[in-house]
Amino acid sequence: MADIAKLVEELSKLTVLEAAELAKALEEEWGVSAAAAVAVAGPAGGGDAAAPAEEKDEFDVILTGDGGKKIQVIKEVRAITGLGLTEAKALVEGAPKALKEGVNKAEAEEVKAKIEAAGGTVELK
């Protein structure tokens, strides 16, 4: 364990640029992502620590309510998900429930627009 503690101490001294180079080298050498090593070493970078946050690229579309227009929302849920009438009705009545998970931003916005046009309420997470 002493060797690991020493390694962690050395990694925490890396600048952000050095940590990025280390991550790339580890990925090339072992074929694995070194995101955890970068996360550990990242804050020690000094002035470079204010790097912009990554934009989220996967969203979950959560139906939060039917807005009093249950039938129209059920129809849209069926069209979007391909569920049968019973399953779509149960999903709408059981809100908040996930309509789609792990979709890109464009698809999430499209689904949100369709549900809101039908009268329902949607949240993107």
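In the predicted model, strand S1, which spans residues 59-65, is joined to S2 by four bridges, and the two strands run antiparallel. Within this pairing, valine 61 of S1 lies opposite lysine 100 of S2. The sheet to which these strands belong is open and consists of three strands, arranged in the order S2-S1-S3 with antiparallel pairing. Its edges are formed by strand S2 (97-103) and strand S3 (121-124), each of which pairs on one side only. Neighbouring strands of the sheet are turned against each other by 20° on average, direction ignored.

Helix H4 (residues 70-81) has the highest mean pLDDT among the elements of the chain, at 91, and packing is described here for H4 with two other helices, H5 and H6. With helix H6 (residues 105-118), H4 packs at an angle of about 155°, and the two axes are 8 Å apart. Angles over 145 degrees count as roughly antiparallel, and H4 and H6 are therefore roughly antiparallel to each other. The crossing in which H4 passes H6 is right-handed. On the H4 side, the residues that meet H6 are Gln72, Val73, Glu76, Val77 and Ile80; their counterparts in H6 are Val111, Lys114, Ile115 and Ala118. In an α-helix there are 3.6 residues a turn, so residues three or four places apart point the same way.

Helix H5 (residues 85-93) also packs with H4: their axes come within 9 Å and cross at roughly 120°. This angle makes H4 oblique to H5. The crossing of H4 and H5 is right-handed. Lys70, Val73, Ile74, Val77 and Arg78 of H4 meet a set of H5 residues comprising Leu85, Ala88, Lys89, Leu91, Val92 and Glu93. Val73 and Val77 of H4 thus appear in the contacts with H5 and also in those with H6.

The loop between H5 and S2 contains proline 96. A cis peptide bond links this proline to alanine 95, with omega about 5°.

Earlier in the chain, helix H2 covers residues 16-30 and has 15 residues. From its first C-alpha to its last, H2 reaches 21 Å, close to the 21 Å expected at 1.5 Å a residue. Glycine 31, just after H2, takes a positive phi of about 70°.

Confidence varies along the model. The chain averages a pLDDT of 79, and 79% of the residues score at least 70. Among the elements, helix H3 (residues 35-41) has the lowest mean pLDDT, 49. Over residues 34-38, pLDDT stays under 50, and the model has five contacts beyond four places in sequence for this stretch. For residues 45-51, pLDDT likewise stays under 50, with four contacts beyond four places in sequence. Where pLDDT is low, the predicted coordinates should not be read in detail.

Notes: Residues are numbered from 1 along each chain as its sequence is written. This is a predicted model: local features need pLDDT of at least 70, side-chain atom pairs count only at pLDDT 80 or more; totals for chains, interfaces and linings use all residues. Side-chain values use heavy atoms; hydrogens and water are left out. Two strands pair if DSSP finds at least two bridges between them. Axes are lines fitted to C-alpha atoms, for helices over the stretch in contact, and angles run from 0 to 180 degrees between N-to-C directions. pLDDT is the predictor's confidence in each residue, from 0 to 100. Contact means heavy atoms within 4.5 Å. The expected span of a helix is 1.5 Å times one less than its number of residues. Angles under 35 degrees count as roughly parallel, over 145 as roughly antiparallel, 65 to 115 as roughly perpendicular and the rest as oblique. A crossing is left-handed if the near helix is turned anticlockwise from the far one by less than a right angle, and right-handed if clockwise.
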